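Please find below my notes on the model you sent, set out as numbered points. They begin with one residue and then widen to the chain as a whole.

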Amino acid sequence: MKEITPGTIARADVRSGQYIGEIIEVNGPRAVFKVLAVLKHPEQGDLHHPYDPDVAMFHERRALSYTEKTNVLLRDLKPYDGEVPDYNTSLHEAVASQIAALDRLMRWSERGLGLLKELRKDYK
């Protein structure tokens with residue numbers, strides 16, 4: 001595996017999002033990471049209670065901003081060899097992907113709920 005050093009372009013898992021960025025400096029087990037693109041938009045809601053809409057605080061999570069710097073554990077970094085996409089384009093694609101995934105989950109849930117309600121009638 002390629003070593004993570006300042007100037008390395010890397011992929012980072014930050015909270016529930018994934019980003020491409022540049023390593024600015026390495027400090028022990030952490031690195032300062034400058035965001036250049038979004039691969040996966042952070043998930044919404046309470047991460048400790050996934051898919052529960054009835055939690056006390058349903059968190060809104062924004063993607064990290066272009067050139068925003070954040071500390072990332074070295075274990076959450078992987079070198080990135082591809083072309084770095086445009087930040088705005090990658091952000092919009094990541095949001096669209098997250099919306100499509102939630103829409104698919106919602107449709108699956110609605111179909112499953114409908115079938116279970118029908119099955120419940122047979123179980124009397």
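1. Does S16 count as buried or exposed? In this model, which is a predicted one, S16 counts as buried, because its relative accessibility is 13% and the cut-off for burial is under 20%. As for its place in the chain, S16 lies in the loop that runs between strand 1 (9–14) and strand 2.

2. The surroundings of S16 deserve a look in the viewer. Not counting residues up to four places away in sequence, S16 touches K40, H41, P42, E43, L47 and R61. With one of these residues, E43, there is also a polar pairing to inspect, since a polar atom of the S16 side chain lies 2.8 Å from the backbone nitrogen of E43.

3. A second residue to set beside it is V26, which is found in strand 2 (residues 17–27). V26 is partly exposed, with a relative accessible area of 31%, and this value places V26 in the class between buried, under 20%, and exposed, over 50%.

4. Which residues does V26 meet, once its neighbours within four places in sequence are left aside? The contacts of V26 are with I4, T5, P6, A31 and L74. For L74, which is 48 residues away from V26 along the chain, the separation between the two C-alpha atoms is 8.5 Å.

5. Turning to the chain as a whole, I find five strands and one helix, and the order of these elements from the N terminus is β-β-β-β-β-α. The chain is more spread out than a compact globule, because its radius of gyration is 19 Å, well over the 14 Å that the globule rule gives for 124 residues. Taken along the principal axes, the box filled by the C-alpha atoms is roughly 65 × 30 × 30 Å.

6. On packing, buried residues make up 27% of the 124 residues in the chain. Where contacts between residues at least 6 apart in sequence are concerned, 55% of them join residues that are at least 24 apart.

7. Finally, some remarks on surface and charge. The accessible surface of the chain comes to about 9000 Å², and carbon and sulfur atoms account for 53% of that surface. The chain carries 18 positive and 19 negative charges, and the mean positions of the two sets are 5 Å apart.

Conventions
Residues numbered from 1 in each chain as written. Predicted model: local features only at pLDDT ≥ 70, side-chain atom pairs only at ≥ 80, totals over all residues. Heavy atoms only, no water. Helix = DSSP H or I, 4+ residues; strand = E, 2+ residues; numbered from the N terminus. Rg over C-alpha atoms; globule rule 2.2 N^0.38 Å. Buried < 20%, exposed > 50% of the residue type's maximum accessible area, 1.4 Å probe, protein only. Contact = heavy atoms within 4.5 Å. Areas by Shrake-Rupley, 256 points an atom, 1.4 Å probe, with all protein chains shown as cover. Lys, Arg positive; Asp, Glu negative; His and termini not counted. Charge placed at Lys NZ, Arg CZ, Asp CG, Glu CD. Polar contact = N/O pair within 3.5 Å; in protein donor to acceptor, adjacent residues only side chain to side chain.
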